[in-house]
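Reader: I'd like a close look at the aromatic rings in this one, and at what surrounds them. Could you walk me through it in one go?

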Amino acid sequence: MSVTTLLLQLIVILTTARICGWVLRYVGQPSVVGEMAAGLMLGPAVMGALFPTLHAQLFSKELLQGLSSLSTVGLVLFMFVVGLELRASQNMRSQLKAAGAVGVLSVIVPLALGLAISPTLYPTLAPAGVAFWPFALFMAAALSITAFPVMARILKDRGMTRTSFGQLSLSAAAVVDVFAWILLAFVVALVGAGEGYAGLIKITGGVVVMLALLFFGLKPAFAWLLRVKAPDGEPSTTVMASLMIGLLATALLTEWLHLHAVFGAFLFGACLPRDDRLLRSLSERIEPISIVVLMPLFFALAGLGTTANAFTGASLGAMLLIVAVATIGKIAGGAAGARIAGYGWRDSLATGSLMNARGLMELIVIKIGFDVGLIGPELFTMLLVMALATTAMTGPLINLVMGRHKTPPVAEAEAQVHAEP
């Protein structure tokens with residue numbers, strides 16, 4: 001593959017992503033929805049149908065290796081920042097019971113529904129050689145994801161970050177991430193083991209050893225390095241190089257263990273010291289290149305993995321079933337959890353609507369499933385459309401539920417929680 005071709009691919013992808021992001025933001029959607037849609041537009045269902053010759057010349061399979069490598073680096077950097085941001089806030093600790101109820105139910109309900117529809121989807125949509133239970137467990141995990149970054153952006157754009165249901169949803173999303181990512185890691189390990197349960201035990205043992213090295217070896221080592229070399233939270237070039245080497249080594253280790261590199265990147269970020277100054281500094285240095293330049297490549301590659309067959313005949317019915325089950329499961333589970341915790345119907349439905357946002361995190365999950373062979377192009381396309389649809393409907397659902405109702409801040413709302421019928 002020539003440098004000229006790679007540069008042309010980058011120009012086309014980034015331009016399409018920016019245009020779609022601007023258009024979707026104009027109609028009130030987060031820009032990430034537009035960038036995800038750009039990936040779908042660059043795939044065979046849209047660009048491949050409208051400009052088949054150009055599409056074949058620009059995005060043929062033998063020309064995608066460079067894009068794939070760059071997108072993996074972007075994904076690793078992004079998940080590193082996500083892990084770095086993982087922390088238990090004061091608000092989460094103060095409402096742990098409520099967040100736990102919402103988080104657990106917004107995982108269990110869609111998980112159960114995902115398992116329920118798997119016997120219907122498995123015969124026609126599972127790739128050859130994939131057993132039923134890995135397929136069904138992956139579907140359960142895929143329907144259980146909530147996108148914390150997209151949720152936070154929706155709340156911020158609407159000035160609802162300090163509302164009762166907003167704080168509850170953000171706290172619950174952390175609980176959801178723990179459940180869903182553990183399940184996904186288990187399924188990927190089950191498929192990647194290759195030696196049945198003996199292979200799974202080997203992978204599990206490797207992960208346990210890696211966690212011990214991370215949290216009892218690397219964590220204190222980096223805590224010392226940052227305390228000595230970056231006391232003001234501003235890492236030097238040497239510290240940045242050390243962090244990047246540690247990040248890439250951990251991502252490589254999880255790849256070697258037959259897990260995806262994103263798990264290692266996430267865990268490395270999670271093991272670093274909790275320092276807001278360091279988080280801000282690293283985010284300012286890493287996010288512009290990872291989110292603006294490299295992540296659109298990930299969206300484009302995801303779009304190139306789709307197929308137009310998912311939009312015809314029985315496949316279209318299966319897609320609508322997946323979207324309906326994913327939506328109902330998340331909204332019902334989140335709303336039920338909030339009601340059990342004592343919140344009123346309005347805040348409960350708003351919480352359920354926010355938990356339905358999947359965005360980029362869902363796309364990462366289904367791309368992992370696609371890469372390891374758990375799902376094929378048709379089901380991948382259906383799940384990508386589901387991720388787009390559920391994320392896009394979150395804002396309008398919040399507007400519908402809250403209406404013109406003035407949402408009280410957290411302190412006032414919490415005083416009304418048990419008083420509201």
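Author: Let's start with Phe 132, which counts as partly exposed because its relative accessibility is 25%, a value that falls between the 20% limit for buried and the 50% limit for exposed. Bear in mind that this is a predicted model. Trp 133 is exposed, with a relative accessible area of 54%. Phe 132 and Trp 133 form an aromatic pair, with 5.2 Å from centre to centre and 75° between the planes. That pair is edge-to-face, because planes over 60 degrees apart count that way. Ring pairs also bring in other partners here: Tyr 122, Phe 132, Trp 133 and Phe 135 are linked into a cluster.

How many aromatic pairs turn up when the whole structure is searched? The search finds 7. Another of these is made by Phe 222 and Phe 268, again edge-to-face, at 5.5 Å centre to centre and with 85° between the planes. Here the rings come from two helices: Phe 222 sits in α11 (residues 196-229) and Phe 268 in α13 (residues 261-271), so the pair ties together parts that are 46 residues apart in sequence.

Are these two rings buried or exposed? Phe 222 is buried, because its relative accessibility is 6% and the limit for buried is under 20%. Phe 268 is buried as well, at 0%. For Phe 268, the helix around it fits that picture: α13 is mostly covered, with 10 of its 11 residues buried. Besides Phe 268, the buried residues of α13 include Phe 263, Leu 267, Val 262 and Cys 271. Some small ones are on that list too, among them Gly 264, Ala 265 and Gly 269.

Now for a helix contact that has a Phe of its own. The axes of α5 (residues 65-85) and α17 (residues 359-371) come within 13 Å and cross at roughly 130°. That angle makes α5 oblique to α17. The crossing of the two helices is left-handed. On the α5 side, the contact is made by Leu 75, Phe 78 and Met 79, and on the α17 side by Leu 360, Met 361 and Ile 364. What kinds of residue make up the contact of α5 with α17? They divide into 6 nonpolar, no polar and no charged. As for the spacing along a helix, an α-helix has 3.6 residues a turn, so residues three or four places apart point the same way.

Terms used
Residues numbered from 1 in each chain as written. Predicted model: local features only at pLDDT ≥ 70, side-chain atom pairs only at ≥ 80, totals over all residues. Heavy atoms only, no water. Phe/Tyr/Trp six-rings, centres within 6.5 Å; stacked < 30°, edge-to-face > 60°. Buried < 20%, exposed > 50% of the residue type's maximum accessible area, 1.4 Å probe, protein only. Helix = DSSP H or I, 4+ residues; strand = E, 2+ residues; numbered from the N terminus. Axes fitted to C-alpha atoms, helices over the stretch in contact; angles between N-to-C directions. Parallel < 35°, antiparallel > 145°, perpendicular 65-115°, else oblique. Left-handed = near helix turned anticlockwise from the far one by under 90°. Contact = heavy atoms within 4.5 Å. Nonpolar A, V, L, I, M, F, W, Y, C, P; charged D, E, K, R; others polar.
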